[in-house]
Amino acid sequence: MSVPNVEDLLAGEPVHDQVVFETRLRRYWADLLTGLTGAYPDHAVEMAYRLVEIAARNFRERSDDLRLLDLRRHADPQWFQHPQMLGYATYADLFAGNLKGVAEKADYLDELGVNYLHLLPLLKPRPGESDGGYAVMDYRAVREDLGTIGDLRDLATVLRSRGISLTLDLVLNHVAAEHDWARSARAGDSFYRDYFHLFPDRQLPDAYEKTLPQVFPDFAPGNFTYDEESHSWVWTTFNRWQWDLNWHNPDVFYEFADLILWLANLGVECLRLDAIAFIYKRMGTNCQNQPEVHAITQALRTVARIGAPALIFKAEAIVGPSDLAPYLGVGKHAGKVSDLAYQNSLMVQIWSTLAAKDTRLFCAAMNRFPAKPPTTVWGTYLRCHDDIGWAIDDDDAASVGLNGYEHRRFLGDYYAGLYPMSDARGLIFQENLATGDRRISGTAASLLGIEAALDNSDEVHLDLAARRYVLAHQIMLGFGGLPLIYMGDELALTNDYLYIDDSDHADDNRWVHRPRMPWDKADRRHTEGTLEHHIWHALRHAVTVRAALPSLDASVETEIFDPVNPAVLIFLRRHQSQTMVGVYNVTAEAQILPRWVIPLGNWAWDALTEETPLTDGDLQLDTYQARWFVQQA
Ligand code: GLC
């Protein structure tokens, strides 16, 4: 079947741009068809033609500046893998008031080394409770107090000129019940009713519920909500006012394809595919991670590659290890799905290891990951705006002699500060009495003992907690991937208990770790002797060292040594031009390692401390110390 005729689609556009578009179309046409066939076998060809039209229409609107960015990305398609990459995630209002304010803070981001900025939801949400903006009422408007679409375009332009790529959320599993599509559906418009999963009675919902988990068992039990106006049960995985979209319907796909290109034309360079695991439903399953999810992502990405190839996708799939790999593509989708995916298992294992002071489960779990496609990247992180769910696999736990259930209970207790001697100050989020699940909210600093040490004015404790805190970040920075710093963690901000005073937030304790940026504290990063100065410089140092190490290019796979000393993590990263061995003491006690674990010959030196070459004899590790050994040039 022939590719659509570009001369017609782009008549009037400069000839060289038509050629460029057609080259991309020919490159991606087969991938588009395969993706569509995987999810819409009966409509794939007709959809492909219509999608290329959508891509061409949006390409016409793409500015010269962004067409140039497309070209730059073609010249360096793996730009997001470089060890210089550093991400930062924040809310525009909490960080800087509004979008204009964020632009004014570009220097701050620059000073930290940030070149990838994820602004949490900022498109127009429903009024009142909105799940932190994840209940979008209008995808083509900005939340009023943050600014306008023009401001968003200006911000993206400023950031781009500073070498900072803007990431926004694309909430594609659900819309707010107040979105026009949902309003029309409620009013009985059959076209829009098909955008959602509506049921006349409980028969099918009850059948689905048999195998569906609960995301927010506390404040939003069940997965369906009765809507009086349309007399139907609506699929609402998250909150009752977040209506799940029906991705079985090609019209929903068209809407999002067009929206994606429109956002890319504003200058958005990465889309975080929110709750992507949930978009495709299948009776008898947990309705997550269905194969169609990956086919749909491939098809969406292909449309973007044709119309706005500078755009990349990041999958937000907070799922178990065996389900996670397909988000970067396995089998026929390898390297064709999302470019980035959150490394949720790594995040959980870092917390688990620090609580247990033992690395064995970390090694067992992380060693089970299949290699990812070399063109793709893990988004590595320690904290984000969400709670931490204890995604510990029972088999992984059993393989090191632990009981998965007990270990998850332990982690919940430990980080809620309920375990003897724990100095963590987390809050339990969404305790599920049926499964024993207890997720945790809290900032990294509060979870790692900094809040408790500050409260007790205990200098010795603070020193220990700060070391543990820096170590946790070094593990994340040294794992390989695109590290994502969560707002305020560069200053060790502690929990903000005032969230309780806001009636839109009081029920959802994730707001405890979503503080407003205290700029007076941020200023203290320049004052020696302050905690902020210490943490900022320690992280900044690791970021700078990292940027110069080719072995930390994200294309390199991390090899995890089986524990030689269970108190120490050992990562090996072999790049053609450099091998790196990262060692991390996860305990408060000094540790030793035999010299042979650093297979780098006599000239290995520690890039973090710039210490002189290693000689024979055991390797000493101080309290919570990390060392990044590379071969000295
Ligand atoms: C994602 C977001 C989370 C939100 C959910 C529903 O998991 O990170 O904050 O509650 O999606 O949109």
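Here is a short back-and-forth on how a few labels in this predicted model are earned.

User: Before we start, what are the ground rules for this model?

Analyst: It's a predicted model, where local features need pLDDT of at least 70, side-chain atom pairs count only at pLDDT 80 or more, and totals for chains, interfaces and linings use all residues. Residues are numbered from 1 along each chain as its sequence is written, and side-chain values use heavy atoms, with hydrogens and water left out.

User: Why is E22 called partly exposed?

Analyst: Its relative accessible area is 27%. Buried means under 20% and exposed over 50%, with partly exposed in between (1.4 Å probe, protein chains only), so a value in that middle range gets the middle label. E22 is found in helix α2, residues 15-39; helices here are DSSP runs of H or I, at least four residues, and strands are runs of E, at least two, numbered from the N terminus.

User: What makes K372 a charge with no salt bridge?

Analyst: A salt bridge needs a side-chain nitrogen of Lys or Arg within 4 Å of a carboxyl oxygen of Asp or Glu. Lys and Arg count as positive, Asp and Glu as negative, while His and the chain ends are not counted. For K372, which is buried, the nearest side chain of opposite charge is E557, at 4.3 Å, and there is no salt bridge.

User: Which backbone oxygens does the side chain of K372 reach, then?

Analyst: That of T376, at 2.9 Å, and that of A554, at 3.2 Å. Both pass as polar contacts (N or O atoms within 3.5 Å; within protein, one must be able to donate a hydrogen and the other to accept it, and residues adjacent in sequence count only if both atoms are side-chain atoms). K372 itself is in the loop between α16 (360-367) and β14 (377-381).

User: How do you know that R546 has no salt bridge?

Analyst: The nearest side chain of opposite charge, D553, is 8.8 Å away, and R546 is buried too. The R546 side chain does reach the backbone oxygen of L477, at 2.8 Å. Its contacts (heavy atoms within 4.5 Å), leaving aside neighbours within four places in sequence, include P83, M85 and W628.

User: And the ligand: which side chains have a polar atom by one of its oxygens?

Analyst: Among them, E316 at 2.8 Å, D274 at 2.9 Å and H385 at 2.9 Å. Taken alone the ligand exposes 310 Å², and the protein buries 94% of that.

Terms used: Accessible areas come from the Shrake-Rupley method with a 1.4 Å probe; for residues, only the protein chains shown count as cover.
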